[in-house]
Amino acid sequence: MSENTEKPVAPVEEKKGKKGKPEKKKKEEKGVYTLYKIEGDKLVRLRPTCDRCGPGYFMADHGDRYTCGHCGFTRYKHAE
Ligand SMILES: [Zn+2]
């Protein structure tokens, strides 16, 4: 005669770590038209212009700061 000894088996919870796929950066084509907005009959510039280079040289929006791609001038946004 054989005896079956029941052993309490603890349920094993498998944690499946979801691996986030690396986000593919889409290369957005930017034209000068993205820098302007027409309100009525007014032309509104959406980016600030460089203080060094003068009007015509737009500064790139980098979240908390603007940088000029022409001379490298960086201007920080007002953080309050
Ligand atoms: Zn500049």
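This section describes the strands of a predicted model, their pairing, and the setting of two loop residues.

The secondary structure of the protein consists of six strands and zero helices. Read from the N terminus, the order of elements is β-β-β-β-β-β. Of the 80 residues in the protein, 4% count as buried. Contacts were also examined by their separation along the chain. Among contacts between residues at least 6 apart in sequence, 0% join residues at least 24 apart.

Strands β1 and β2 are described before the others. Strand β1 covers residues 36-39 and strand β2 covers residues 42-45. The two strands pair in the antiparallel sense, and four bridges link them. One of the bridge pairs sets Y36 against R45, the latter in β2. Together β1 and β2 make a hairpin with two residues between the strands. In the turn of this hairpin, G40 has a positive phi of about 65 degrees.

The remaining strands belong to a sheet. Four strands form this open sheet, in the order β3-β4-β5-β6, with antiparallel pairing. Its edge strands are β3 and β6, each of which pairs on one side only.

Within the sheet, strand β3 (residues 49-50) runs antiparallel to strand β4 (residues 54-61), and two bridges join them. In one bridge, T49 has F58 of β4 as its partner. The two strands form a hairpin, with three residues between β3 and β4. Strand β4 also pairs with β5, again in the antiparallel sense, over three bridges. Here M59 is placed opposite C68 of β5. The hairpin of β4 and β5 has three residues between its strands, and G63 in this hairpin takes a positive phi near 85 degrees. The pairing of β5 with β6 is antiparallel over three bridges. Across this pair, Y66 stands opposite R75, a residue of β6.

Two loop residues were then considered in turn. P48 is located in the loop between β2 and β3. Is P48 buried, exposed or partly exposed? Around P48, 15 other C-beta atoms lie within 10 Å, and P48 is therefore partly exposed. A residue would need 20 or more such atoms to count as buried, and 12 or fewer to count as exposed. P48 and F58 are 10 residues apart in sequence, while their C-alpha atoms are 5.9 Å apart in space. F58 is also the bridge partner of T49. When neighbours within four places in sequence are left aside, P48 is in contact with M59 and Y66. Each of these contact residues also has a place in the pairing described above: M59 stands opposite C68, and Y66 stands opposite R75.

The second residue, G72, lies in the loop that runs between β5 (65-68) and β6 (74-76). G72 is exposed because 9 other C-beta atoms lie within 10 Å, and the limit for an exposed residue is 12 or fewer. In sequence, G72 and C50 are 22 residues apart; in space, the distance from C-alpha to C-alpha is 9.5 Å. The loop of G72 thus connects β5 to β6, the two strands that pair over three bridges.

Notes:
Residues are numbered from 1 along each chain as its sequence is written. This is a predicted model: local features need pLDDT of at least 70, side-chain atom pairs count only at pLDDT 80 or more; totals for chains, interfaces and linings use all residues. Two strands pair if DSSP finds at least two bridges between them. Two residues are in contact if their C-beta atoms, placed from the backbone, lie within 7 Å.
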